[in-house]
Number of protein chains: 2
Amino acid sequence: MTPAEQTEILVEGTAEVETRGELEARIASKGRLSVKFGIDPTGSELHLGHALILHKMQQYVEIGHSVTLLIGDFTARIGDPTGRNEARPPLSVEQIEANMRTYREQAGRVLDLDRVEIAYNSQWLAPLTLHDMIGLMSQTTVAQMLSRNDFAERYAEGTPISLHEFLYPVVQAYDSVAMRCDVELGGTDQYFNFLLAREYQKHAGQPPQICMTLPILEGTDGVVRMGKSRGNYVALTEPAAEQFGKLMRLPDEMIVRYALLAAFRPASDVDALAAGLADGTLAPMDEKKRVAEQIVARYHGIEEARRARERFEATVQRRELPSEMPELFAGEARRLSDVLRLAGFAASRREAERLVLGGGVKLDGIPVSDANMAWAGLEPVVLSVGARRFVRVMPGVPSAPPSR
Amino acid sequence: MTPAEQTEILVEGTAEVETRGELEARIASKGRLSVKFGIDPTGSELHLGHALILHKMQQYVEIGHSVTLLIGDFTARIGDPTGRNEARPPLSVEQIEANMRTYREQAGRVLDLDRVEIAYNSQWLAPLTLHDMIGLMSQTTVAQMLSRNDFAERYAEGTPISLHEFLYPVVQAYDSVAMRCDVELGGTDQYFNFLLAREYQKHAGQPPQICMTLPILEGTDGVVRMGKSRGNYVALTEPAAEQFGKLMRLPDEMIVRYALLAAFRPASDVDALAAGLADGTLAPMDEKKRVAEQIVARYHGIEEARRARERFEATVQRRELPSEMPELFAGEARRLSDVLRLAGFAASRREAERLVLGGGVKLDGIPVSDANMAWAGLEPVVLSVGARRFVRVMPGVPSAPPSR
């Protein structure tokens, strides 16, 4: 592939590229680029939001570039020294190794890890001395740091910024120097840090890295960033049926975005999809199923994805369940009648019993006969009354404040 | 001496003490305190402004406390990594040693160096790693740093603050932790750093140091801080006659301040002096000579100080020169007549020649006979015309903008 053809593929679906011209020129002059993606070894469950970046890495791998997964073990081992951020406890070397095994299992569904280098930044960060740090820190200013969005907001609000937090962008920039990076990949929230690395590389006499950020994917609610704590995520290792079911809950207006950023359809194809949905020549339900099947196929293969689709059509759709419906958390409900009242389908236990006796109450499409049946509620289940009233009953209580 | 008596002496002449109560209590509980004074080994010429602190150290020494002169060799060896501050070139170990010999020679005139420990902070700073720095920096916030006067001003003005500059207060605070300081001494400009050290010591489980700052002494112009570059200083190693002459140029309103901060008279004595000058029972000229003699005696002994005074009276005062007179920089004047015109005593070379022929022009009290005499102008000299017009002609040009 020519440098121009490679660049065309590589910039597809990105948020910012600093700069496209440099990327093409660097490919032309150097051939095989050194590409970095840094992660915190915190053992998180990977979801479609992560897959976006892993997919871009895989594109680099397939073209033949040298891709390194940089594990930020150095700062993970320190954690948050102030203890204020409970999400950052210090991790032991063993915990980091265990988390990385989990990570590899998950990332391996998108990325050919045999063709990816793994590096640990403690290799060059652990030996740094105060003398080295003075030299590195002198290359940037306080005002520059405070211009980073999150720091600017916290400073303006009076939320304390511990001084060591200024070290992390510096250290991340130094990673790029130590690795002689040509390209750094990450989410848009990393853009400031990526640009800082360019300054450090210039200071070190290296050509500055090309900064390539990828969009932040909205969750299946279509509102906020996908995240485990928000309950709006599709994990890479979930069973095919669950992935498919979750994707079918996507609001129609997210179909195009998921086609681009989760199904990774080529831009031309996505443009046609958007046009078809806009002028009504394509049906949202059909297209949502197509996108969902394509996404599931990436993690479970074409066969399993097809079966997930068929099962969805057979069990959920044929029973004419709407693909979007309200969710209800059952909390401490002990009986079916409690849930019917919680859902607002019955005003009293009496009324709940009447509904059940009338034969119109179903769980996942199967009629129930006893309003006093114990509610186990360990899995999500669709509760319906008649042909019009549906609610998806979730186990427990919401794990995060419900999104608006 | 009781803790209360020691405290009485030690707080005399200080600017801020954080806190006096802690000082007395620490002496009572611990007996012998660990006292630190930190200096940059930059080979500066010591003057009366420095003597203020050295004198306070000597008081601690004489009471029997453990006083350490801490040499900031670590940062001196690094210099200013940005290269923007030309006054901070990196110093070699040899340069630092040479500067310290010079320093000892000068400081030895005030301080009994045989009873003072010398420490180099590279001993504990050189081994610090990035890991250590993250821990230290996490103990303070960006907002706290930016509250320091000079940083606040520079940030408000938009003058760049390099990130590494935030390290210096942290490192200085860590010096106090490493030394387990009980008391830190310095100028009022160090107050922020001293207080920061208290936080670091508390975090390390140590009792926080007592912070003791000393006033910044005005120069002999009575206006701005004494400093070599301002030409308003009295160096500790200058000959007695020069010291005495410079001190006699002090404005009358500075007599009391110099009595306290340079002659180190006890507070009660200084109060009496202030009262006597205010109500006219003491003559400023007599008191200025007494203060000057006391100051000179500290660096050259009582005998030499008395001789300096007598010589001043014989040569300068008997010729009825005023002790205060305007100063004029001769610049590139080549002849006496040029200087007479510069001083405004003659409007033209012609008039200058007439004045000289009239016999009323004197240099240091000695009549001159030739208006065209070459002007060597290597030393300050008093040029007078008649009995009323005097000017002190200085060599060269002002080394700093003239003070108002």
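1. Of the 404 residues in chain A, 48% count as buried (under 20% relative accessible area with a 1.4 Å probe, protein chains only; over 50% is exposed, in between partly exposed). The model is predicted, so local features need pLDDT of at least 70 and side-chain atom pairs count only at pLDDT 80 or more, while totals for chains, interfaces and linings use all residues. Residues are numbered from 1 along each chain as its sequence is written, chains are lettered from A in the order in which they are written, and side-chain values use heavy atoms, without hydrogens and water.

2. Chain A has 17 helices and 11 strands, taken as DSSP runs numbered from the N terminus (helices H or I, at least four residues; strands E, at least two). Its C-alpha trace spans about 80 × 50 × 40 Å along the principal axes. Among the contacts in chain A with a separation of 6 or more, 68% come from residues 24 or more positions apart; contact means heavy atoms within 4.5 Å.

3. The interface between the chains takes 32 residues from chain B and 32 residues from chain A. About 2800 Å² is buried between the two chains, 82% of it on carbon and sulfur atoms. This area is the accessible area (1.4 Å probe) lost when two parts are put together, summed over both. On the chain B side, Leu130(B), Ile134(B) and Leu163(B) supply 27% of the area buried against chain A, more than any other three residues.

4. Helix α7 (residues 130–137) of chain A packs on helix α10 (residues 167–179) of chain B at an angle of about 160 degrees, with the axes 12 Å apart. Axes are lines fitted to C-alpha atoms, for helices over the stretch in contact, and angles run from 0 to 180 degrees between N-to-C directions. α7(A) and α10(B) are therefore roughly antiparallel (over 145 degrees; under 35 is roughly parallel, 65 to 115 roughly perpendicular, the rest oblique). Leu130(A), Met133(A), Ile134(A) and Met137(A) meet Leu167(B), Tyr168(B) and Val171(B). These contact residues divide into seven nonpolar, no polar and no charged; Ala, Val, Leu, Ile, Met, Phe, Trp, Tyr, Cys and Pro count as nonpolar, Asp, Glu, Lys and Arg as charged, and the others, Gly among them, as polar.

5. Within chain A, α7(A) also packs on helix α10 (residues 167–179) of chain A, at about 90 degrees and with the axes 11 Å apart. That makes α7(A) roughly perpendicular to α10(A). Met133(A), Leu136(A) and Met137(A) of α7(A) make this contact with Leu167(A), Val170(A) and Tyr174(A) of α10(A). Here the residues are six nonpolar, no polar and no charged.

6. Val296(B) lies in helix α15 (residues 284–317) of chain B and is buried, at 0% relative accessible area. Its C-alpha atom is 6.5 Å from that of Phe244(B), 52 residues apart along the chain. Not counting residues up to four places away in sequence, Val296(B) touches Ala240(B), Gln243(B), Phe244(B), Leu247(B), Gly301(B) and Ala305(B).

7. Thr220(A) sits in the loop between β6 (210–214) and α12 (240–248) of chain A. Thr220(A) is nonetheless buried, with a relative accessible area of 12%. Its contacts beyond four places in sequence include Met226(A), Tyr233(A), Arg249(A) and Tyr258(A).

8. There are zero disulfides over all chains, a disulfide being a pair of cysteine sulfur atoms within 2.5 Å. For Cys211(A), the nearest cysteine sulfur, that of Cys181(A), is 9.8 Å away; Cys211(A) is buried at 0%. In chain B, the sulfur of Cys181(B) is 9.8 Å from the closest cysteine sulfur, in Cys211(B), too far for a bond. Cys181(B) is buried, with 1% relative accessibility.
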